Amino acid sequence: MEDQRTHIISALVLHKPGVLQRIAGLFTRRGFNIDSITVGTSEHADIARITIIAKGDERVLEQITKQLNKLIDVIKVRDLDPESTVKRELCLIKVHAPSEQVRSEVVQYASIFRGRIIDVSPETLTIEITGASDKIDALIDMVRSFGIKEIARTGPTAISRGTKTI
Amino acid sequence: MKGGEAIIKSLTDEGVDVVFGYPGGVLLPLYDVIYDSDLRHILVRHEQCAAHAADGYARASGKVGVCIATSGPGATNLVTGIATAYMDSSSIVALTGQVVTPLIGKDAFQEVDTLGITIPITKHNFQPMTPQELPSVIKSAFYIAGTGRKGPVVVDLPKDVQELEMEFEDDIKIDLPGYKPTTKGHPLQIKRAAELIVNSSKPVILAGGGIIASNSFSELFRLSETIVAPVTTTLLGKGSFPEDHPLSLGMLGMHGRKTANLIVDDCDCLIAVGCRFSDRTTGNVAEFARKAKIIHIDIDPAEIGKNVDVDVPIVGDAKIILENLVEEIKRIKRGERTKEWLNYVKNFKKSWIPRMSFDDVPLKPQQVIKEIWETLSEDTIVTTDVGQNQMWMAHYYTSKRPRKFISSGGLGTMGFGFPAAMGAKVAKPEEDVVAVCGDGGFLMVSQDLATVREYDIPVVICILDNRYLGMVAQWQRLFYDERLSHTHLGDVPDFVKLAESYKVNAERVEKPGQLRETLSDALKSGEPTLIDIIIDAEEILPMVPPGRGLTEMVGEYKVENENMGEDRTYNKQSQGKVGD
């Protein structure tokens, strides 16, 4: 088996209806497995940036990139080099924290991971954390014992370091 | 002007003079415009035939074919034809009606998500929501369909968009920032390919449909003669190289010529041009051309390395690349080393000439194909259906010129042959057009006998009538213990009477020698004609079982010259003798 590396694919696509369906449909039809996909606006109003995290050997990744490129609404596709890429994910974690004791522990963990408390209720605390996916995993592990009510993760988005653009 | 008028004006501006269509509720505004226009509209009797006819038109002419169907069931009936064109990279534009924009998404009468359904089977699709977009959308549709790797494009037209007023500007701009097909091949890759070819001793060319799509018939011919390499083709590549040429090996693959399959297995350099290494062409890929370095030339970068690992990929238009490649080879060429290879190929071919003459009754399909090609000229356009009829034609019919052999390859669509012939005849009224169909496939589209009659489209339909779904039955005979589950079609219909009910001339052929005259008379008559040819139901075309290598053919390969058995052991001969 070839190396099943995690790849960060960044694509610029036309910001119009149906684009996501074309891309998602392509993955299903060609049997590509993806870990996450994030979509949002880019520096141009009519162009969206899509970040796809996918595992696979070089052959599979080459096919994903080429098939994406074939879509008329896709302008550019790059398999970003993880060494020279900044990758960030946003995660919201709602933790069960009914007691003073638990609350202060959760707040401490959040601050160690440079997270913030963005919502409080008598029963819960909601943490906002941004960072690499493994850092988020680590925080989730730390607060799991208190009881996690809900997690919302965006999946990573990424951009090349320095002056390089795709 | 109204949206509908803008659509027709846009089509006319693209040079469209004929469309194959079927009207419906949401297309009333468009059809009202067609009523007064110069556009020739051919009313088919089932939307699937409109798509296949547009496809046949495109393949025969090299232009973009156009079909029209209404929303809902009209659009879904087109789907098979669009998918057929997609798999075979055929340029068609399909216009579909859609419910009025305020009703989209409300499950309105005859509403279907045409865009959603056709995303995976089109090169691209559009749904203009305002009439102002129509000219640029239609221009883009034709541009996308007819350039790069060709393919079908759907334009979904809401009824109100056809009705509303718009202003048709003179200067129509298309903006497709994500669509820039590569045409010129990379010079370094061409150099590497040339080196590889010059240093090989047993080169073979595999030509696919891309040769025909890019009109590089003469460039391929020059390459083959320059490097003295035999040429085999895929199904869609048939006609890309003259099959009566000493360097032609015939078709490769599951139902390919024995010579082609064995020589590709033996070659040390395979130059594949405009093909996608489908499983029907390669057999088991692990065993495909194991001894060969592979050069793959294709306009679609996604085809490179998709099915087969290649040594030298070149992305671009085959016509330009082949031209550059020949120049480069001539520049670096050293000595004559391929004469032995040529002689070997010639001798090898001689010992594997398939036997075609049989005087049996019911007729052997080989004899039928022989009489067909003896009667037709090299300019005759033949279309095939799908199944045994198609493979017999592909295997035994000698195709000499491009765009003269039209067949549904990738999707393998039964019912393709007859409507494709109809489209081809409309595109090329000056050429004879013959559809070779099976009885099963023809019955899926027989209602369009009405169309060829009403519009006087004189195609000749040869039905290879064995009352079986022959190819499925063949697999049942070979791999399922002869358990012929649901492949017998029974005694009806009487095809002659069926044709006569549409006032289409019809003849029945049952004996050797009869077809030549019947077919020749039918072509001379200038009338649409159906010829019902009764053939042997048990004849099997030798084949490579799925998942096996190309050398592992099963079924008796009947040859012309039975006493050349010794010469057929190709490995013994070739090893150590040729090219060392």
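Here is a short walk through a predicted model, starting with chain B and ending at its interface with chain A.

**Stop 1: all of chain B**

Select chain B and show it as a cartoon. You should be able to pick out 23 helices and 18 strands. Switch to the C-alpha trace and line the view up with the principal axes: the trace spans about 75 × 60 × 45 Å. The radius of gyration of chain B is 24 Å, which agrees with the value near 25 Å that a compact globule of 580 residues would have.

Now colour chain B by relative accessible area. Of its 580 residues, 61% count as buried. If you like contact maps, plot one for this chain too: among contacts between residues at least 6 apart in sequence, 75% join residues at least 24 apart.

**Stop 2: B:Glu219**

Next, select residues 217-227 of chain B, which form helix α10, and find B:Glu219 in it. Is B:Glu219 buried or exposed? B:Glu219 is buried, because its relative accessible area is 10% and the cut-off for buried is under 20%.

Which residues should you show around it? Leave aside the neighbours within four places in sequence, and B:Glu219 is in contact with B:Lys319, B:Leu322 and B:Glu323. Put those up as sticks.

**Stop 3: where chain A meets chain B**

Bring chain A into view and select the residues in contact across the two chains: 17 from chain A and 23 from chain B. The area buried between the chains is about 1,600 Å², and carbon and sulfur atoms give 50% of that. On the chain A side, pick A:Arg22, A:Arg59 and A:Ile72; these lose the most area to chain B, together 43% of what that side buries.

**Stop 4: the polar pairs**

Keep A:Arg59 selected and add B:Asp309. Their side chains meet in a salt bridge, with N to O at 2.6 Å. The count of salt bridges between chain A and chain B is two. Widen the search to polar contacts and the interface has seven residue pairs, with both residues at pLDDT 80 or more.

**Stop 5: what chain A brings**

To finish, colour three elements of chain A: α1 (19-30), α2 (58-70) and β4 (74-80). Each supplies at least two residues of the side that touches chain B. Which element gives the most? That is α2(A), with seven residues. Recolour that side of chain A by residue class and you get five nonpolar, four polar and eight charged residues.

Note on methods. Residues numbered from 1 in each chain as written. Chains lettered and ligands numbered in written order. Predicted model: local features only at pLDDT ≥ 70, side-chain atom pairs only at ≥ 80, totals over all residues. Heavy atoms only, no water. Contact = heavy atoms within 4.5 Å. Buried area = accessible area lost by both parts, 1.4 Å probe. Salt bridge = Lys/Arg side-chain N within 4 Å of Asp/Glu carboxyl O. Polar contact = N/O pair within 3.5 Å; in protein donor to acceptor, adjacent residues only side chain to side chain. Helix = DSSP H or I, 4+ residues; strand = E, 2+ residues; numbered from the N terminus. Nonpolar A, V, L, I, M, F, W, Y, C, P; charged D, E, K, R; others polar. Rg over C-alpha atoms; globule rule 2.2 N^0.38 Å. Buried < 20%, exposed > 50% of the residue type's maximum accessible area, 1.4 Å probe, protein only.
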